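Good morning. I will take you through one structure today, starting with the overall picture and then going residue by residue.

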Amino acid sequence: MTYTDSLSLATQRALDWDDLPQDLLPLVIVSEAAHLSTLDSDALGCTHLH
């Protein structure tokens, strides 16, 4: 599943949480989408040093 494909599923999951503050909603959606598409911090824009 690509990151773009996982955004709708991540949004549905985040909206199912009743006690989630609205200001955290975008952060949770991005985090959940990254998790669903198996991205790690290196793939999200951090440089990888050898």
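Of the 50 residues in this protein, 24% count as buried. Please keep in mind that what you see is a predicted model. As for secondary structure, there are two helices and zero strands. Among the contacts in the protein with a separation of 6 or more, 44% are between residues 24 or more positions apart.

Let me start with the helix that comes earlier in the chain. Helix α1 covers residues 3-16. It has 14 residues, and the distance from its first C-alpha to its last is 20 Å, close to the 20 Å expected at 1.5 Å a residue. There is a bend of about 25 degrees in α1, located at Leu-9.

Which residues of α1 are buried? They are Ser-6, Ala-10 and Ala-14. For anyone new to helices, here is the background: an α-helix has 3.6 residues a turn, so residues three or four places apart point the same way. As for what covers the buried residues of α1, that includes α2.

Take Ser-6 in α1. Is Ser-6 buried or exposed? Its relative accessibility is 0%, and the cut-off for buried is under 20%, so Ser-6 counts as buried. A polar atom of the Ser-6 side chain lies 2.7 Å from the backbone oxygen of Tyr-3. If we set aside residues up to four places away in sequence, Ser-6 touches Met-1, Ala-33, Leu-36 and Ser-37. Ser-6 can also be placed relative to Ile-29: the two are 23 residues apart in sequence, and their C-alpha atoms are 9.5 Å apart in space.

Next is Ala-10, also a residue of helix α1. Ala-10 counts as buried because its relative accessibility is 0%. What does Ala-10 touch, not counting residues up to four places away in sequence? The list is Ile-29, Glu-32, Ala-33 and Leu-36. With Leu-36, we can also compare chain and space: these residues are 26 apart along the chain, and 7.7 Å separates their C-alpha atoms.

Now the other helix. Helix α2 runs over residues 25-36. It has twelve residues and reaches 16 Å between its first and last C-alpha, close to the 16 Å expected at 1.5 Å a residue. The buried residues in α2 are Leu-25, Val-28, Ile-29, Glu-32, Ala-33, Ala-34 and Leu-36. These buried residues pack against α1. After α2 comes Thr-38, which has a positive phi, near 55 degrees.

That brings us to the core. In soluble globular proteins, nonpolar side chains tend to be buried together. How many residues does the largest nonpolar core have here? It has eight, namely Ala-10, Ala-14, Leu-20, Leu-25, Val-28, Ile-29, Ala-33 and Leu-36. Both helices take part, since α1 and α2 each supply at least two residues of this core. The most comes from α2, which gives five residues. One member to look at is Leu-20, which touches Ala-14, Leu-25 and Val-28 when residues up to four places away in sequence are not counted.

Last, a charged pair. The structure holds one salt bridge. Which side chains form the salt bridge? They are those of Arg-13 and Glu-32, with 2.9 Å from N to O. This pair links distant parts of the chain, with Arg-13 in α1 and Glu-32 in α2, 19 residues apart.

The two partners can be set side by side. Arg-13 has a relative accessibility of 36%, so Arg-13 counts as partly exposed. Glu-32 has a relative accessible area of 15%, and since buried means under 20%, Glu-32 is buried. Leaving aside neighbours within four places in sequence, Glu-32 is in contact with Ala-10, Arg-13 and Trp-17. One of those contacts, Ala-10, is also a member of the largest nonpolar core.

To recap in the order you might trace it on the screen: the protein has two helices and zero strands. The buried residues of α2 pack against α1, and the largest nonpolar core has eight residues. The salt bridge joins the side chains of Arg-13 and Glu-32.

That is all from me.

Technical notes: Residues numbered from 1 in each chain as written. Predicted model: local features only at pLDDT ≥ 70, side-chain atom pairs only at ≥ 80, totals over all residues. Heavy atoms only, no water. Salt bridge = Lys/Arg side-chain N within 4 Å of Asp/Glu carboxyl O. Helix = DSSP H or I, 4+ residues; strand = E, 2+ residues; numbered from the N terminus. Buried < 20%, exposed > 50% of the residue type's maximum accessible area, 1.4 Å probe, protein only. Expected span 1.5 Å × (residues − 1). Contact = heavy atoms within 4.5 Å. Core = buried A, V, L, I, M, F, W, Y, C linked by side-chain atoms within 4.5 Å. Polar contact = N/O pair within 3.5 Å; in protein donor to acceptor, adjacent residues only side chain to side chain. Bend = angle between axes of the 7 residues up to and from the residue.
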